[in-house]
Amino acid sequence: MVKVVLPELGEGIKKATVSHWFFKPGEQISEKDDLVELTTDKTTFNLPSPCKGVLSEIVASVGEDVQIGALLAVIEES
């Protein structure tokens with residue numbers, strides 16, 4: 001099980017908003033696939049999957065603000 005968390009985003013940025021999930025729970029993903037789109041007050045960016053596996057759980061819903069280090073999703077590694 002791999003926990004996907006919001007990484008450090010740079011100076012002064014403490015949170016991001018989940019804009020879009022590219023996969024649904026139960027779907028197979030590859031390492032470096034775009035997993036989730038996030039928006040800050042400065043930019044919009046895609047966070048890639050850290051591993052290959054099945055997206056088992058989405059913790060942060062679309063529209064939700066998440067803090068740095070917060071859990072976004074869980075992947076069952078394969």
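Val2 has Ile75 of strand E8 as its bridge partner. The model is predicted. Strand E1 spans residues 2-5, and E8 covers residues 71-77. E1 and E8 are joined by four bridges and run antiparallel.

E8 also pairs with E6. Five bridges link E6 and E8, again in the antiparallel sense. Three residue pairs let the reader follow the register. Gly53 has Glu77 in E8 as its bridge partner. Val54 faces Glu76 in E8. Glu57 stands opposite Val74 in E8.

E6, residues 53-58, has a further link to E3, residues 28-29. Two bridges join E3 and E6, and the strands are antiparallel. Ile29 stands opposite Gly53 in E6. Gly53 therefore appears in two pairings under the bridge criterion: with Ile29 and with Glu77.

Put these pairings together and the sheet emerges. It is an open sheet of four strands, in the order E1-E8-E6-E3, with antiparallel pairing. Which strands stand at the edges? They are E1 and E3. Each has a single partner strand, so one side of each has no neighbour in the sheet. As a general point, side chains in a regular strand alternate between the two faces of the sheet.

Now turn to the surface. Leu71 belongs to E8. Its relative accessibility is 31%, so Leu71 counts as partly exposed. Leu71 joins Val5 and Val59 in a nonpolar surface patch of about 180 Å². Patch membership requires over 30% relative accessible area, and Leu71 stands at 31%.

Next, the loops. Lys32 is found in the loop between E3 and E4. Lys32 is not a glycine, yet its phi is positive, at about 75 degrees. Is Lys32 buried or exposed? Lys32 counts as exposed, because its relative accessibility is 65%.

Thr40 sits in another loop, between strand E4 (34-39) and strand E5 (44-48). Thr40 has a relative accessibility of 10%, so this residue counts as buried. What does Thr40 touch, leaving aside residues up to four places away in sequence? The contacts are Leu9, Ile13, Lys15, Ala16 and Phe45. Thr40 also has a polar partner within its loop region. A polar atom of the Thr40 side chain lies 3.1 Å from the backbone nitrogen of Lys42.

Lys15 and Ala16 come up again at Asp65. Asp65 lies in strand E7, residues 65-67. Beyond residues up to four places away in sequence, Asp65 touches Lys15, Ala16 and Thr17. Thr40 touches Lys15 and Ala16 too. Which side chain makes a polar contact with that of Asp65? The Thr17 side chain does, at 2.5 Å. Asp65 is partly exposed, because its relative accessible area is 42%.

One last distance places Asp65 relative to Ser78. The two residues are 13 positions apart along the chain. Their C-alpha atoms are separated by 29 Å.

Key
Residues numbered from 1 in each chain as written. Predicted model: local features only at pLDDT ≥ 70, side-chain atom pairs only at ≥ 80, totals over all residues. Heavy atoms only, no water. Patch = residues over 30% accessible without salt bridge, like charges linked within 9 Å, V, L, I, M, F, W, Y side chains within 5 Å. Areas by Shrake-Rupley, 256 points an atom, 1.4 Å probe, with all protein chains shown as cover. Salt bridge = Lys/Arg side-chain N within 4 Å of Asp/Glu carboxyl O. Buried < 20%, exposed > 50% of the residue type's maximum accessible area, 1.4 Å probe, protein only. Polar contact = N/O pair within 3.5 Å; in protein donor to acceptor, adjacent residues only side chain to side chain. Contact = heavy atoms within 4.5 Å.
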